[in-house]
Amino acid sequence: MRGDTFGKLSEFVAQNEYPLKDHSALESLTAYYQCREQFFAAHPRRRKVFESAMLHPPAHLESRLRELRAPVWQRNRQFWQSVVRQYPLRDGLKEEQVMRYLVSIDYAFQTILEQHNEAGNVKDVHDILQIASEILDMLLFGVMQTKKGEQI
């Protein structure tokens, strides 16, 4: 396995990141993940490494893969922080609360992806990006509407 795939991906995203200003949070997040896709389009072998690590991680390599993914997770955290600082938060929420939430979702994403994979919904990085987009939409904007006149 190419151990530098995650580091190279992180570097590429940092150098080609989409500017947040004047764009919605969802547009920015979509562009962020599309930037990652550009990296994989240019490096198809690294795509295979990434997909294998995300979709079929060997149990005996779990801790090593966690170490290798660290640069990508760090880049994701930096991106999330820039999003949190750019867009208004719901009343009563503080930046550090929202960051804890987003970071925990980042870790939970692997489990969500595994569930989609077991259902046969994930075949390649394009499917990963589609699922990520769906999850991000629900993550940022919720999944249920309040009933008329209902307060939470």
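**Notebook: largest cavity and the H2–H3 contact**

I began with the largest cavity of this predicted model, and found that 19 residues line it, with Tyr33, Arg36, Asn76, Asp106 and Phe109 lying nearest its centre. I then listed the elements that give two or more residues to this lining, and they are helix H2 (25-42), helix H3 (44-55), helix H4 (62-86), helix H5 (95-118) and H6.

Next I sorted the lining residues of the largest cavity by character, which gave 14 nonpolar, two polar and three charged. For its volume I noted about 270 Å³ of space, and I recorded that the count of cavities of 30 Å³ or more comes to two.

I turned to the packing of H2 and H3, whose axes lie 5 Å apart and make an angle of about 120 degrees. Angles from 65 to 115 degrees count as roughly perpendicular and those over 145 as roughly antiparallel, and H2 and H3 are therefore oblique to each other. On the H2 side the contact is made by Arg36, Glu37, Phe39, Phe40, Ala41 and Ala42, and on the H3 side by Pro44, Arg46, Arg47 and Phe50. By character, the residues of this contact divide into six nonpolar and four charged, with no polar ones. I note that Arg36 of H2, a residue of this contact, is also among those nearest the centre of the largest cavity.

Last, I looked up the confidence: the protein chain averages a pLDDT of 80, and 91% of the residues score at least 70. Confidence is highest in helix H1 (residues 5-15), at a mean of 90, and lowest in helix H6 (residues 125-141), at 74; H6 is one of the elements named above for the cavity lining.

Technical notes: Residues numbered from 1 in each chain as written. Predicted model: local features only at pLDDT ≥ 70, side-chain atom pairs only at ≥ 80, totals over all residues. Heavy atoms only, no water. pLDDT = per-residue confidence, 0-100. Helix = DSSP H or I, 4+ residues; strand = E, 2+ residues; numbered from the N terminus. 1 Å grid on protein atoms, 1.4 Å probe; cavity = no way out; pocket = protein on both sides within 12 Å on 5 of 7 lines; lining within 4 Å. Points joined across faces, edges and corners; volume = space filled by probe spheres on them. Nonpolar A, V, L, I, M, F, W, Y, C, P; charged D, E, K, R; others polar. Axes fitted to C-alpha atoms, helices over the stretch in contact; angles between N-to-C directions. Parallel < 35°, antiparallel > 145°, perpendicular 65-115°, else oblique. Contact = heavy atoms within 4.5 Å.
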